Every structure is written in C-alpha cells, then in structure tokens.
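User: I'm new to this one and would like to know where the labels come from. Could you show it to me and then take my questions?

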Amino acid sequence: MKTFLNDRDGVSERDYLLLAATTVFFVFVVIGLILVLLGRPIDAMYIALLDMVAPVLMTITGGVFGVRAVQEFRKKKSDTAEEEAEDYDARV
C-alpha cells in the first residue's frame, strides 16, 4: 500500500504540516472530552479556540488533498504504469 511514508518524496513538508495540524487539533478535542468525562465544565474560551483552529485545519487538509487530486487527474496513464513498476521494484 502506498502511503506518505513510502512514496517517492518521503515525508514532505505538506505531509508534515498535515500531520502536525491534525495532531494538535485532535489533542485539543481529546482534552475537551476528558474534561467532560471528569465532570468539569468547558470554558467558552476553549470552544472559541477550537473554532479558530478548525478552519485552519480544514484549509491545510483541503489544500494537501486538493493538490494531490489535481496531480492525479493530470497524470498520463503511461506515467502511472511506470511509477507502479518502480514502486514494485523498490519493494522487492
């Protein structure tokens, strides 16, 4: 299976930015869920912080996947066959 860890450019700056942004966002969400489970109220400032982080995360995620989607549509079929052959040779 081809992922960002074994593709041609390794972990690029786009991949790193996507991983960092989603990790930070979900850490905030988990902290909020833990506070709710412990019975502590969540401040309005905490919700405001999540509201500020969510559009940034959506922009980064949409940008990364949008660029990759356009790249896939622009590829020629012969390029895809050559890349699959190179990936197979690298794995074997």
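User: Where is Phe-26 placed, and what makes it buried, exposed or partly exposed?

Analyst: Phe-26 sits in helix α1; helices here are DSSP runs (H or I, at least four residues; strands are E, at least two), numbered from the N terminus. Buried means under 20% relative accessible area, exposed over 50%, and partly exposed in between (1.4 Å probe, protein chains only). Phe-26 has 48%, so it is called partly exposed. By the way, this is a predicted model, where local features need pLDDT of at least 70, side-chain atom pairs count only at pLDDT 80 or more, and totals for chains, interfaces and linings use all residues. Residues are numbered from 1 along each chain as its sequence is written, and side-chain values use heavy atoms, with hydrogens and water left out.

User: What makes Phe-65 buried, exposed or partly exposed?

Analyst: Its relative accessible area is 47%, so Phe-65 is partly exposed. Phe-65 belongs to helix α2. Its C-alpha is 9.8 Å from that of Arg-14, which is 51 residues away along the chain.

User: Why are α1 and α2 called roughly parallel or roughly antiparallel?

Analyst: Look at the angle: the axes of α1 (residues 13-37) and α2 (residues 44-74) cross at roughly 150° and come within 10 Å. Axes are lines fitted to C-alpha atoms, for helices over the stretch in contact, with angles from 0 to 180 degrees between N-to-C directions. Under 35 degrees counts as roughly parallel, over 145 as roughly antiparallel, 65 to 115 as roughly perpendicular, and the rest as oblique. So α1 and α2 are roughly antiparallel. The residues of their contact split into 17 nonpolar, 4 polar and 3 charged. In that split, Ala, Val, Leu, Ile, Met, Phe, Trp, Tyr, Cys and Pro are nonpolar, Asp, Glu, Lys and Arg are charged, and the others, Gly among them, are polar.

User: What makes a set of residues a nonpolar core, and which residues are in the largest one?

Analyst: The set has to be buried Ala, Val, Leu, Ile, Met, Phe, Trp, Tyr and Cys residues, joined through side-chain atoms within 4.5 Å. The largest such core has 10 residues, including Leu-18, Phe-25, Tyr-46, Leu-50 and Val-64. Both α1 and α2 give two or more residues to this core, and α2 supplies the largest share, 7 residues.

User: And how many helices and strands does the chain have?

Analyst: There are 3 helices and 0 strands, running α-α-α from the N terminus. Of the 92 residues, 16% count as buried.
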